[in-house]
Amino acid sequence: DLRLSAGLMRRRIADRMPPRQDQLPAEIPLVARQSFMETLAQFLDDARAKHARSVVIQGDPGIGKSRLLSEFLSFASLQGTLFHRVTCRSTDAHRPLAILLELIPLLRGMRGAIGSSPETLAFFDALTQHRLKSKHFKSPSRRIEAAHSHLDEALLDILLAVTEESPLVIAIEDGQWMDIAAATGLQRLVSKLEKERLLVFFTARP
């Protein structure tokens, strides 16, 4: 019996029809952002020349931060630069290291990450699987201090490895939702970056 139900036939026909013009998403031109793009392009050139850079784009909701970032990442991709884009959520403010726990697996999957030390990879495995142990420090404050120190060293190690292979842009959106531990960790990391082919990009509301 080759008969089809009317609903199934309608769906099959609709799947094969091109969308109507009024159903296509409108692509709004990016205007009055040339100076921003030129500055970001210069930062990218610096990063590709082994002068690490970081930049923060701050502004009210809806002002165009994400659109500017999207255009810049498209431009960076055309220049042969790899990128990872992660977004903070409002719930992340109460989840220690939330954005880093999302970023670490992306870095681990990059070509060049295998050049990290075995200690770095083991630390990331323990961190992302919530199996961190510190037998040498009985005090909770010393355990936290030791974990932060290991995290700083591990992040720097893996970034050195992956940027040796290719330039990289790390884009973190909605940074206002970042938890204190992740924010201070990234602050320490950025202060240590010098000759890596890396650009760290943040967007945030005031």
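What percentage of the 206 residues of the chain count as buried? I began with this, keeping in mind that I am working on a predicted model, and I found that 35% of the residues count as buried.

**Entry: overall layout**

I went through the secondary structure and noted seven helices and four strands in the chain, which from the N terminus on run in the order α-α-β-α-β-α-α-α-β-α-β. I then looked at contacts between residues at least 6 apart in sequence, and 81% of them join residues at least 24 apart. For the surface I wrote down an exposed area of about 13,000 Å², of which carbon and sulfur atoms supply 55%.

**Entry: nonpolar cores**

I turned next to the largest nonpolar core, which has 31 residues, and asked which of them touch the most other members; they are Leu-151, Leu-159 and Ile-172. Two or more residues of this core come from each of helix 4 (98-108), helix 5 (118-128), helix 6 (140-165), strand 3 (168-173), helix 7 and strand 4. Helix 6 gives the most to this core, namely six residues.

I followed Ile-172 further and, not counting residues up to four places away in sequence, listed its partners as Val-86, Cys-88, Ile-99, Met-178, Leu-186, Phe-201, Phe-202 and Thr-203. I also recorded a second, separate core of 15 residues, which includes Met-37, Ile-57, Phe-72 and Ala-76.

**Entry: the cavity**

How many cavities of 30 Å³ or more does the count come to? I found one, and for the largest cavity I noted a volume of about 50 Å³. Its lining consists of Leu-100, Leu-103, Leu-107, Leu-155, Leu-159, Ile-170, Leu-186, Leu-189, Leu-198 and Val-200, and by class these are 10 nonpolar, no polar and no charged residues. Helix 4, helix 6, helix 7 and strand 4 are the elements that give two or more residues to this lining, with the largest share, three residues, coming from helix 4. I note that Leu-159, listed here in the cavity lining, was also named among the core residues that touch the most other members.

**Entry: the second largest pocket**

I then examined the second largest pocket, whose volume is about 150 Å³. It is lined by Val-56, Gln-58, Gly-175, Met-178, Ala-183, Leu-186, Gln-187, Val-190, Phe-202 and Ala-204, and I sorted this lining into seven nonpolar, three polar and no charged residues. Strand 1 (53-58), helix 7 (180-192) and strand 4 (198-204) each supply at least two lining residues, and helix 7 gives the most, with four. Going back to my earlier list, I see that Met-178, Leu-186 and Phe-202 line this pocket and are also among the residues that Ile-172 touches. Leu-186 is listed in the lining of the largest cavity as well.

**Entry: Asp-46**

Is Asp-46 buried or exposed? I located Asp-46 in helix 2 (residues 34-48) and read a relative accessible area of 18%; because the cut-off for buried is under 20%, Asp-46 counts as buried. Leaving aside its neighbours within four places in sequence, I found Asp-46 in contact with His-51 and Arg-53. Arg-53 lies in the range of strand 1 (53-58), so I noted for Asp-46 a contact between helix 2 and strand 1 under the DSSP assignment of these elements.

Methods. Residues are numbered from 1 along each chain as its sequence is written. This is a predicted model: local features need pLDDT of at least 70, side-chain atom pairs count only at pLDDT 80 or more; totals for chains, interfaces and linings use all residues. Side-chain values use heavy atoms; hydrogens and water are left out. On a 1 Å grid over the protein atoms alone, a cavity is a set of points where a 1.4 Å probe fits but cannot get out, and a pocket is an open set with protein on both sides within 12 Å along at least five of seven lines; lining residues have an atom within 4 Å of a point. Grid points are joined across faces, edges and corners, and a volume is the space filled by probe spheres set on the points. Ala, Val, Leu, Ile, Met, Phe, Trp, Tyr, Cys and Pro count as nonpolar, Asp, Glu, Lys and Arg as charged, and the others, Gly among them, as polar. A nonpolar core is a set of buried Ala, Val, Leu, Ile, Met, Phe, Trp, Tyr and Cys residues joined through side-chain atoms within 4.5 Å. Buried means under 20% relative accessible area, exposed over 50%, partly exposed in between (1.4 Å probe, protein chains only). Contact means heavy atoms within 4.5 Å. Accessible areas come from the Shrake-Rupley method with a 1.4 Å probe; for residues, only the protein chains shown count as cover.
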